[in-house]
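Student: Please take a close look at the aromatic pairing in this model, and set it against the chain as a whole.

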Amino acid sequence: MKRVKGSALLWAVGVLAVMLIVVSGVLALSESYAQAELREIAESQAISYARAGIELTAAEIESGDVHSALIPQKQMEQQIIIEMETGACTVTIYHNAAENRLELSASSTVGDVTETLCAEMTAYGGGFRFDGFTGN
């Protein structure tokens, strides 16, 4: 058997090329998983901020302390912006005077993710009572 000079070098280059392809594929895959995880965290934060915005606004309305200042008159909307350290939440209050209820909508943005939640409050006694979250 005759040995070909340089074949070991050719094999070494081939093995290194295959290893480079495998390593770059693993790195690309892990980067993709990391980006998906960050987006999921942002979505979770945005939903939490929107929920907190609605719950805070509903609690203020139920307490009666700022009842008349927060509730728009007639068929109108009013927006409340709640600034947070890592995002913002805008709560919109729509007074459905015909049905005597309030419709609350909160949109929160964290990074490039925006989530919206909706809730309702119905007239109860001299004020409004929180009925819960509704579909978006």
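Tutor: Buried means under 20% relative accessible area, exposed means over 50%, and partly exposed lies in between, with a 1.4 Å probe and protein chains only. The model is a predicted one, in which local features need pLDDT of at least 70 and side-chain atom pairs count only at pLDDT 80 or more, while totals for chains, interfaces and linings use all residues. Residues are numbered from 1 along each chain as its sequence is written, and side-chain values use heavy atoms, with hydrogens and water left out.

Of the 136 residues in the protein chain, 26% are buried. The chain contains two helices and five strands, taken as DSSP runs (helices H or I, at least four residues; strands E, at least two) and numbered from the N terminus. Their order from the N terminus is α-α-β-β-β-β-β.

As for the aromatic rings, a search of the whole structure yields one pair. Its members are Phe130 and Phe133, with ring centres 5.6 Å apart and planes at 80 degrees, so the arrangement is edge-to-face. Rings of Phe, Tyr and Trp (its six-membered ring) pair if their centres lie within 6.5 Å; planes under 30 degrees apart are stacked, over 60 edge-to-face, and the rest tilted. Phe130 has 24% relative accessibility and therefore counts as partly exposed; Phe133, at 29%, also counts as partly exposed.

Two cysteines may be set beside this pair. Cys89 counts as buried because its relative accessibility is 0%, and Cys118 counts as buried at 17%. The structure holds zero disulfides, a disulfide being a pair of cysteine sulfur atoms within 2.5 Å.
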